[in-house]
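User: I'd like to go through this one slowly and ask why things get the labels they get. Can you show it to me?

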Amino acid sequence: MSAEKNSPARKLPRDFYTRPSVLTVARELLGKLLVVPAGDTRVSGKIVEVEAYRGPHDRAAHSYGGRRTKRTEPMYGIGGTSYVFFVYGMYFQFNVVTNVAEVPHAVLIRAVEPVEGIELMRARRTVRTDRDLTNGPGKLCIALNIDRRLDGVDLLGSDVWLEEGERIAPSQIQRGPRIGIDYAEEWKEKPWRFWIKNNPFVSR
DNA sequence: CATTTGATAACG
DNA sequence: GTTATCAAATGT
């Protein structure tokens, strides 16, 4: 496993992230592999559910209205930067920043399917079934050990990154409204959540 | 349905 | 500086 530990050849390139449409990037993130190294091994998961946030216009985005604080700063970085934030007093959420610098768009990773390091995930999460390991945005952060230390890091670096994965046919992709943003008025109905049809690891 | 705390905005 | 409000969720 150490031979491909950091497999740079499969890492998604900068221009995957800097494209202008956050919706396109969100859709194409499905099937990709999210990797977080753990010592000499890797813990990873296939992305099966995402949501796009398109600030400053999107009322649901933390960058709504151009809000720029210490917390939201990473969103203004270049595409391919990570944005990890803390919510509800106990959970982290992992996001991939898209577009060019100064345009605060991001994609929230809502669920992944465990691929590598499943034993480590089980140790970190104490749940009955493997299905509950990573089927939610807060859960996957615990399973993959994603926290504040990964906020604002470069996804082309070696702390956390994304790799080429399975190609998902357009017919296998479903879309619908985002979750947990009841305060976002007309923006809450935008169908900016994408997931892989029938995948058991999509959040409930 | 209770939980739990950092970030943020609104004060003064 | 201090205080009040609330949040891209989860476990039960």
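Analyst: Let's start with DNA strand B, keeping in mind that this is a predicted model. The residues around DNA strand B are Arg67, Thr69, Arg71, Phe86, Tyr88, Gly89 and Met90. Of the atoms of DNA strand B that come within 4 Å of the protein, sugar and phosphate make up 75%.

User: What makes the approach of Thr69 to DNA strand B a polar contact?

Analyst: A polar side-chain atom of Thr69 is 2.2 Å from a phosphate oxygen of DNA strand B. The cut-off for a pair of N or O atoms is 3.5 Å, so this pair counts.

User: And how do you know that Tyr88 and Gly89 make polar contacts with DNA strand B?

Analyst: Here the protein side is a backbone N or O atom. For Tyr88, that atom lies 2.7 Å from a base oxygen of DNA strand B. For Gly89, the distance from a backbone N or O atom to a base oxygen is 3.3 Å. Both values are within 3.5 Å, so both are polar contacts.

User: How do the residues near DNA strand B divide by type?

Analyst: Three are nonpolar, two polar and two charged.

User: Why is the pair of Phe86 and Phe92 called tilted?

Analyst: Their ring centres are 5.0 Å apart, with 55° between the planes. A pair needs centres within 6.5 Å, and tilted covers what is neither under 30 degrees nor over 60, so this pair is tilted.

User: What about Trp187 and Trp192: why is that pair tilted?

Analyst: The centres of Trp187 and Trp192 are 6.1 Å apart and the planes are at 55°, so tilted is the right word there too. In total, the structure holds four aromatic pairs.

User: Why is Phe92 called buried, and what is Phe86 called?

Analyst: Phe92 has 17% relative accessibility, and buried means under 20%, so Phe92 counts as buried. Phe86 comes out at 33%, between the cut-offs of 20% and 50%, so Phe86 is partly exposed. As for the tryptophans, Trp187 and Trp192 are both buried.

User: How do you know that a charge sits over the ring of Trp187?

Analyst: The charged end of Lys190 is over that ring, 5.1 Å from its centre. The distance has to be within 6 Å, so Lys190 passes that test. Trp161 has a partner as well: Lys11 lies over its face, 4.5 Å from the ring centre.

User: Now DNA strand C. Which residues come nearest to it?

Analyst: There are 25 residues around DNA strand C, and His62, Tyr88, Tyr91, Gly138 and Tyr183 come nearest. Sugar or phosphate accounts for 62% of the atoms of DNA strand C within 4 Å of the protein, and bases for the rest.

User: What makes Tyr88, Tyr91 and Asn95 polar partners of DNA strand C?

Analyst: Go through the distances. A side-chain N or O atom of Tyr88 is 2.7 Å from a phosphate oxygen. Tyr91 puts a polar side-chain atom 2.9 Å from a sugar or linking oxygen. Asn95 has a side-chain N or O atom 2.9 Å from a base nitrogen. Each is within 3.5 Å, so each is a polar contact. The elements that give two or more residues to the surface near DNA strand C are β3 (82-87), β4 (91-98), β5 (105-116) and α4 (137-143).

User: How do you know that β3 and β4 pair?

Analyst: They share six bridges, in the antiparallel sense, and two would be enough, so they pair. Ser82, for one, stands opposite Val96 in β4. β3 is mostly covered, with five of its six residues buried.

User: What makes Tyr88 stand out in the loop between β3 and β4?

Analyst: Its phi is near 50°, a positive value in a residue other than glycine. Most residues other than glycine have a negative phi. Tyr88 sits in the hairpin of β3 and β4, with three residues between the strands. At 65% relative accessibility, over the 50% cut-off, Tyr88 counts as exposed.

User: Why is Glu185 called partly exposed?

Analyst: Its relative accessible area is 45%, between 20% and 50%, so the label is partly exposed. Glu185 lies in the loop between β7 (173-176) and β8 (193-196), and also has a positive phi, about 50°.

Key. Residues numbered from 1 in each chain as written. Chains lettered and ligands numbered in written order. Predicted model: local features only at pLDDT ≥ 70, side-chain atom pairs only at ≥ 80, totals over all residues. Heavy atoms only, no water. Near = heavy atom within 4 Å. Polar contact = N/O pair within 3.5 Å; in protein donor to acceptor, adjacent residues only side chain to side chain. Nonpolar A, V, L, I, M, F, W, Y, C, P; charged D, E, K, R; others polar. Phe/Tyr/Trp six-rings, centres within 6.5 Å; stacked < 30°, edge-to-face > 60°. Buried < 20%, exposed > 50% of the residue type's maximum accessible area, 1.4 Å probe, protein only. Lys NZ or Arg CZ within 6 Å of the ring centre and 35° of its normal. Helix = DSSP H or I, 4+ residues; strand = E, 2+ residues; numbered from the N terminus.
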